[in-house]
Amino acid sequence: MLGLIADVSYWTQSLLRVFGGIVAILLPAGTIVYVFLFKMMSFMQSRLGPMEAGPFGSLQLFAEVGKWLQKEDLYPERADRFIFKMAPLIVLSSTFLLVAVVPFGPDAWFTNFEAGVFYALAVSSVSVLGILIAGWASANKYSLLGGLRAAGQLIAYELPMVLAVVGVVIQAGTMNLQQIVVAQNTGSIFGWAGLGNPYILTQCVGFVIFMIAVQAELTQAPFDMPIAESELVSGYMTEYSGFRFLIFFIGEFATAGVFAFIASVLFLGGWGVPFSWFGWTSIDSIDNWMNVVGPLIMFTKMMLLVFVIMWVRFSYPRFREDQLQRFAWKSLIPLSLVNIMATSVLKVAF
Amino acid sequence: MSPFLRSYLTVVWFGLAAFLLGGLLLWLASLLRPVKPNPEKVLAYESGVNPVGEGWSQSQIRYYVFALLFVVFDVEAVFLFPWATQLERYGSFGLIEMGVFVAVLLLGLVYAWRKGVLRWV
């Protein structure tokens, strides 16, 4: 995880990075499931949620994992056995590939690609493959329909997401996520540098489009047509049971956390605080303690964004399939193209 | 190996880690879980009634035109990103150039719209 330990051998470094990545995936996923899915949803529905395991049900997650570990692993007899088994792992690997690019501090990063934004957008669509495979391999009509719907939805909302990010890249003039963070925190609003210049202010349209697209990519309600339980049972996950199902589930919420990380890097200033507070000028002059505080700032911003995602999820009824496609193609894509042109005109004019 | 390729090798480790972690957990589960399949359990699930016909039933893939449109716009994004990073250098020349490019693509979208392709029937 740490660029700090550059004198350690390559293999130790890689191992540490991978462990850091596992923490950066499982910790947010667990927190999201407990705080939002168990507790916040319960409170919004006037009930208490899990209360038995541990104080306020805080050990419920461990109880759940213990339960799922003991469940029988069933395959439908007609299923395409090998790719049926692989599908959840492919969805999980998409999350791992995505977290590899998130920066958590001036030296606390896993990879520091020049084309970081591009890489993130590219690997985020690997999960579509896993979902399509799961839908096809199950040899079940519900699964097949769910998988096809998921693929249709994910490619429709991939575009607004990609195009919304172009605005940020135009403003920052770079695709490197670290430099995007630095550009936001060294920026100024009409000459006042007290808050930096988080792109949520200038790219508010892009931010809203990005968050809507994230909601759809995560297949959270109101965009959960692929797993619409009232018509497709559970969509592409219908035939999965036991721990394979739980891997889909972990993947879903871990990806929510990682997308929130990426959104906070692109729009909320990432791990940084406005550099003018401490008299920093560039990324090299940042004090080392930011490598500890940075991850905490990222975690806070992640929780804020996931709160919004979950709030929408618990509040809105599901879109119909045709409404969902119409919204993406006829509203979001033209709007994001206009946003790109407006941003670039302003960038050239000023 | 160049530092550039090495930094991309980290991605491979992350991908492998996902499979290893998932595999480890599934192996752990295989020590604990029962294995008692019977013909009823392995039937395809169709809300409680016996499955009718094949699981891989014929269904209309409605969005193949959407998929074609998606490819067009995705390739556009590939061109947009390098342009976006260098916009400051290109100035108003780059702006007009990309304006024409985006306008042509928007026309394509409007054409598809008018033709009723974007209707999910």
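Domain bounds here come from an automatic or database domain assignment. By that assignment, chain B splits into domain 1 (1-38) and domain 2 (60-121). Keep both ranges as saved selections.

**Ground rules**

This is a predicted model: local features need pLDDT of at least 70, side-chain atom pairs count only at pLDDT 80 or more, and totals for chains, interfaces and linings use all residues. Residues are numbered from 1 along each chain as its sequence is written, while chains are lettered from A and ligands numbered from 1 in the order in which they are written.

**Stop 1: colour by confidence**

Colour by pLDDT, the predictor's confidence in each residue, from 0 to 100. The model scores ipTM 0.85 and pTM 0.89. Chain A averages 86, and 98% of its residues score at least 70. Within chain A, look at helix 10 (residues 229-232), where confidence is lowest at a mean of 80. Then go to helix 9 (residues 204-217) of chain A, where confidence is highest at 92. Chain B averages 82, with 93% of residues at 70 or above. In chain B, helix 2 is lowest at a mean of 83, and helix 1 is highest at 87.

**Stop 2: chain A alone**

Hide chain B. Switch to a cartoon. Helices (H or I, at least four residues) and strands (E, at least two) are DSSP runs, numbered from the N terminus. Chain A has 13 helices and zero strands. Its C-alpha atoms fill a box of roughly 65 × 50 × 45 Å along the principal axes.

Next, the radius of gyration, taken over C-alpha atoms; the globule rule is 2.2 Å times the number of residues to the power 0.38. For 350 residues, a compact globule would come out near 20 Å; chain A has 21 Å, which agrees.

Now colour by burial. A residue is buried if 20 or more other C-beta atoms lie within 10 Å of its own, exposed if 12 or fewer, and partly exposed in between, with C-beta atoms placed from the backbone. Buried residues are 55% of the 350 in chain A.

Two residues are in contact if their C-beta atoms, placed from the backbone, lie within 7 Å. Take the chain A contacts between residues at least 6 apart in sequence: 80% of them join residues at least 24 apart.

**Stop 3: Tyr316(A)**

Select Tyr316(A). It sits in the loop between helix 12 (290-315) and helix 13 (321-349) of chain A. Tyr316(A) is partly exposed, with 13 other C-beta atoms within 10 Å. Add Ala221(A) and Pro222(A): Tyr316(A) touches both, leaving out residues up to four places away in sequence. Then pick Phe223(A). Its C-alpha atom is 9.5 Å from that of Tyr316(A), though the two are 93 residues apart along the chain.

**Stop 4: chain B alone**

Swap the chains. Chain B has three helices and zero strands. Its radius of gyration is 25 Å, well over the 14 Å that the globule rule gives for 121 residues, so chain B is more spread out than a compact globule. The C-alpha trace spans about 70 × 50 × 20 Å along its principal axes. Buried residues make up 15% of the 121. Recall the two saved domains: their C-alpha centres lie 37 Å apart.

**Stop 5: where the chains meet**

Show both chains. 55 residues of chain B are in contact with 66 residues of chain A. Helix 1 (3-32), helix 2 (64-85) and helix 3 (87-114) of chain B each supply at least two residues of the side that touches chain A. Helix 1 of chain B gives the largest share, 16 residues. Colour that side of chain B by type: 38 nonpolar, 12 polar and five charged. Here Ala, Val, Leu, Ile, Met, Phe, Trp, Tyr, Cys and Pro count as nonpolar, Asp, Glu, Lys and Arg as charged, and the others, Gly among them, as polar.

Now select Pro37(B), in the loop between helix 1 and helix 2 of chain B. Pro37(B) is partly exposed, with 13 other C-beta atoms within 10 Å. Beyond residues up to four places away in sequence, Pro37(B) touches Leu74(A) and Val42(B).

**Stop 6: the nonpolar core**

A nonpolar core is a set of buried Ala, Val, Leu, Ile, Met, Phe, Trp, Tyr and Cys residues joined through C-beta atoms within 7 Å. The largest one has 134 residues; Val165(A), Phe210(A) and Ala263(A) touch the most other members. Helix 6 (residues 141-172) of chain A gives the most to this core, with 21 residues. Domain 1 (1-38) and domain 2 (60-121) of chain B both give residues to this core, so it lies between them.

Finish on Val165(A). Setting aside neighbours within four places in sequence, Val165(A) is in contact with Val117(A), Leu121(A), Phe210(A) and Leu266(A).
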